[in-house]
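Subject: Structure handover

Dear colleague,

Here is the structure I said I would pass on. My notes on it follow below the entry.

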Amino acid sequence: MSSDNAIDTITMIGSGSASAIPDIMRVSISVETRAETVAAAYARAGEQADAVIGALRVDGVGARDINTSGLTVRAETVWTDGNREQLVGYVAGTSLTVALRDIAGPDGEAKSEDGGPAVIIAHAVVAGGDDVRLGGLTLTVADEEALMVRARDAAWDHALGKAEQYVFRAGRTLGPVVEITENISGPVPQPRLAFAAEKMSSAPGRAVPVQLGESEVSTSIRVTWQLN
């Protein structure tokens, strides 16, 4: 408790978090091809990317959820015995960022049947063949703001509970709130991810199991009350 111009106040810090099963998976799928000429490498990269996109669309992924996030063409060289750089061909590549929605089933596990994330990714890999590369994967919650509201409610309850305990022991009661500050260090908290995958079988097209885990956001608040 503190006294400021004869007005007694109490300040408490509360923390809270909320979690939910992720319902969106964002995965990076890229294609990398090699050929003797720029044109051939570029054309093959386009063909393989089209095949990957076609497989995604067949599995119900909408156009708005498939985003081209990279496009590269570069020379490929090797060093010869004479310590000279020799051109051996060209490498062309393109990257896609794909959002898979409604990935969890009623039991909270990732859907495993057709339309599930593991199966969709497996179909895309098969369509692109040996030219496909899988990059990063991110699990998120579509309505992150609703999750943050729950975290803020928990932080408020935490701060209020501590304040009421202390003022009761002091024989006082809480008055109006004087100040509320939300304490966030760095960027707005993002969900913590839990991802596990088994090693892909040699059987072509077999889906790699995906475990969704939970996404969590947390926050803390500093609240000051006037005391009656």
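A contact here means heavy atoms within 4.5 Å. By that rule, and leaving aside residues up to four places away in sequence, Arg44 touches Thr33 and Asp131. Please bear in mind that this is a predicted model.

To stay with Arg44 for a moment: the residue is found in helix α1. Its relative accessibility is 37%, so Arg44 counts as partly exposed, the class between buried (under 20%) and exposed (over 50%). Thr33, one of its two contacts, is 11 residues away along the chain, and the C-alpha atoms of Arg44 and Thr33 are separated by 6.5 Å.

Now the chain as a whole. The protein chain has three helices and eight strands, and the order along the sequence is β-β-β-α-β-β-α-β-α-β-β. It has 228 residues, of which 32% count as buried. The accessible surface comes to about 13200 Å², and carbon and sulfur atoms account for 50% of that. Taking contacts between residues at least 6 apart in sequence, 77% join residues at least 24 apart.

On the surface there is a nonpolar patch of about 370 Å², made by Val38, Tyr42, Leu71 and Val73. The elements that give two or more residues to this patch are α1 (38-58) and β4 (66-79). Helix α1 is also where Arg44 is found. Leu71, in strand β4, has a relative accessibility of 56% and therefore counts as exposed, the cut-off for that class being over 50%.

The last item concerns aromatic rings. How many aromatic pairs does the structure hold? There is one. The ring centres of Trp156 and Trp225 are 5.7 Å apart and the planes stand at 50 degrees, so the pair is tilted; planes under 30 degrees apart would count as stacked, and over 60 as edge-to-face. Trp156 lies in helix α3 (residues 144-169) and Trp225 in strand β8 (residues 215-227), so the pair ties together parts that are 69 residues apart in sequence.

Are the two partners buried or exposed, or partly exposed? Trp225 has a relative accessible area of 3% and is buried, whereas Trp156, at 27% relative accessibility, counts as partly exposed.

If you open the model, I would look at the Trp156 and Trp225 pair and the patch with Leu71.

Regards

Note on methods:
Residues are numbered from 1 along each chain as its sequence is written. This is a predicted model: local features need pLDDT of at least 70, side-chain atom pairs count only at pLDDT 80 or more; totals for chains, interfaces and linings use all residues. Side-chain values use heavy atoms; hydrogens and water are left out. Patches are made of residues with over 30% relative accessible area and no salt bridge: like charges are joined within 9 Å, nonpolar side chains (Val, Leu, Ile, Met, Phe, Trp, Tyr) within 5 Å. Accessible areas come from the Shrake-Rupley method with a 1.4 Å probe; for residues, only the protein chains shown count as cover. A salt bridge is a side-chain nitrogen of Lys or Arg within 4 Å of a carboxyl oxygen of Asp or Glu. Helices (H or I, at least four residues) and strands (E, at least two) are DSSP runs, numbered from the N terminus. Buried means under 20% relative accessible area, exposed over 50%, partly exposed in between (1.4 Å probe, protein chains only). Rings of Phe, Tyr and Trp (its six-membered ring) pair if their centres lie within 6.5 Å; planes under 30 degrees apart count as stacked, over 60 as edge-to-face and the rest as tilted.
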